[in-house]
Amino acid sequence: MSEEEASPVEKTAAGDGSSDGTAIGNGAAERALAVKGNGCEVTTSEGGEAKGDADKASDGGAPTGGLAQTFDLFSFASMFRYTDRADALLMAIGTVGALANGMGLPLFSLIFGDLLDSLNDTLDVRSAVDDKVKWLGILAGGTLVAGWAQIAFWTLAGERLMGHVREEYLKAALRQDARYYDVVSPPGDTFAALGPDVASMTEAVGQNVGLAIQYVTTFIAGLIIGFIRGWRVALVVLAFIPLFILVLAVLGTVLMGAAKKSSEAYASAASIANNALCSIREVLSATAHEFLNASYNDALAPAVRSDRTEGITRGAIWGGFFFLMFATYGSVLWIAAVFVRDGHMSGGEVVTAFFAVMIGGIILGQLAPIASSMLGGIPAARRLYALIDRTPDIDVYGPGETPQEVAAELKLTDVRFAYP
């Protein structure tokens, strides 16, 4: 085919000095080749990449190909916008179960303290033990049913809610025009982000909500029972509770951060490998296998550093936690012995107040990673709802008119390929 017979598209693909097209040159191919997104796309021109980012920014999208963020303020409750009546009923039952399950440990400390006092006040040990064992059996059966209802119904409600979100996301994705996938977010990015974002949002609106309700209930019930049965010991234990909460909060934050860094590093390395295999012909033609191998190893390096830091930090924090726990036991029991000696409290009251407040404080410290996971679902929901709420320029579901008859003359002159 002669140069005069070549189409404008073919001329652009051949590349000249003013072309925006992409050409793989000899010698610079390894530096120019880059893997992008989760689809099978290989970008070989820094200029073309910069132009694409500028187009995305002009359309309101993220330069990285992400979804446009249309929410400046996004509350946790907004994630439940697609909850129907059945979902609300499941959440209500799960909440009742979480409240009852959260009362289990404080009530156990109350029954156990009463058992100790009964053993000291009576010679009929068998009857005293039988009575408390009966109540412990009732408590065990109640917490079994409550715990099952909490986890089962909140998990089911979360999965149902995310099913509604998936349906709306698919409808919105099919609603977008071609320019959205060419400029704002490539199809690979749009649907590859669906899985991780849905998983993060499921953790935020599923069983973690029930666990958060359970932990807060345990803390409040422990404080109430502790101060009713022995306010002196409860005050002493309460002085140590902030230290437990701080240690567990730091542990949860460190582990969440390390897991996030490792996940990002593994995802980046997997994306490089996936795109290299999908574009294996371009990789071989550009002799870019050594460059991609080095890029893959560099992408895994943060995961190695993060896992090493996580192991050292986990061991140090857990060691400090147990040191603090045994130090608290010793200090509080020494002070409680003085109260018992002076006749201010009985042994059972000491045990009840001590364990009720201590258990409540430790459980509240475990709320930190749960809260981080729940709040982590907000950015994921923002990305999902950004596409759901986006109205394309060409809206197939929007209002419009269909002309019954079109009379016009169309003439094309000096047509060149330029899209978008």
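These are some notes on the predicted model above, point by point.

1. Overall make-up. Keep in mind throughout that this is a predicted model. The protein holds 14 helices and two strands. Of its 420 residues, 35% are buried. The accessible surface adds up to about 23700 Å², and carbon and sulfur atoms account for 63% of that. As for how the chain folds back on itself, take the contacts between residues at least 6 apart in sequence: 84% of them join residues at least 24 apart.

2. Helix α9. This one covers residues 194–205, twelve residues in total. From first C-alpha to last it reaches 16 Å, close to the 16 Å expected at 1.5 Å a residue. Its buried residues are Asp197, Val198, Met201, Thr202, Ala204 and Val205. Looking down the axis of α9, you find these buried residues within an arc of 160 degrees, so they line one face of the helix. The general background is handy here: an α-helix has 3.6 residues a turn, so residues three or four places apart point the same way. What does the buried side of α9 pack against? Its partners are α6 (125–175), α10 and α14 (367–388).

3. Helix α5. Here the span check works out as well: 18 residues at 1.5 Å a residue should give 26 Å, and the end C-alpha atoms of α5 are indeed 26 Å apart. The buried set in α5 is Gly104, Pro106, Ser109, Ile111, Gly113, Leu115, Asp117 and Ser118. Those residues pack against α4, α6, α10 and α13 (347–365).

4. The Arg160–Asp87 bridge. A search of the whole structure turns up eleven salt bridges, and I'd start with the one between Arg160 and Asp87, whose closest N and O atoms are 2.5 Å apart. This pair ties together distant parts of the chain, with Arg160 in helix α6 and Asp87 in helix α4 (residues 85–102), 73 residues apart. Which of the two partners is buried, and which is partly exposed? Asp87 has a relative accessible area of 0%, so it is buried. Arg160, at 31%, is partly exposed.

5. The Asp114–Arg229 bridge. Asp114 pairs with Arg229 in a salt bridge, their closest N and O atoms being 3.0 Å apart. Again distant parts of the chain are linked: Asp114 belongs to helix α5 (residues 104–121), Arg229 to helix α10, and the two are 115 residues apart. Asp114 has a relative accessible area of 22% and counts as partly exposed, because the cut-off for buried is under 20%.

6. A bridge inside one helix. Glu310 forms a salt bridge with Arg314, with 2.8 Å between the closest N and O atoms. Both residues sit in helix α12 (residues 289–341), four residues apart, which is about one turn of the helix. Glu310 is buried with a relative accessible area of 18%, while Arg314 is partly exposed at 35%. Elsewhere, salt bridges with shared partners join Asp84, Asp87 and Arg160 into one network.

7. A nonpolar patch on the surface. Val216, Ile220, Ile224 and Ile228 make a nonpolar surface patch of about 370 Å². Ile224 lies in helix α10 (residues 207–278). How accessible is Ile224? Its relative accessibility is 47%, so Ile224 counts as partly exposed.

8. Two backbone angles to look at. Most residues other than glycine have a negative phi, and two residues here are worth a glance for that reason. Thr287 has a positive phi, near 45 degrees, and is not a glycine. You'll find Thr287 in the loop between α11 (280–285) and α12, where it is partly exposed at 41% relative accessibility. Asp414 is also a non-glycine residue with a positive phi, in its case about 55 degrees. Asp414 sits in the segment after α14 and is exposed, with a relative accessible area of 65%.

Methods:
Residues are numbered from 1 along each chain as its sequence is written. This is a predicted model: local features need pLDDT of at least 70, side-chain atom pairs count only at pLDDT 80 or more; totals for chains, interfaces and linings use all residues. Side-chain values use heavy atoms; hydrogens and water are left out. Patches are made of residues with over 30% relative accessible area and no salt bridge: like charges are joined within 9 Å, nonpolar side chains (Val, Leu, Ile, Met, Phe, Trp, Tyr) within 5 Å. Accessible areas come from the Shrake-Rupley method with a 1.4 Å probe; for residues, only the protein chains shown count as cover. A salt bridge is a side-chain nitrogen of Lys or Arg within 4 Å of a carboxyl oxygen of Asp or Glu. Buried means under 20% relative accessible area, exposed over 50%, partly exposed in between (1.4 Å probe, protein chains only). The expected span of a helix is 1.5 Å times one less than its number of residues. The arc is that of the directions from the helix axis to the C-beta atoms. Contact means heavy atoms within 4.5 Å.
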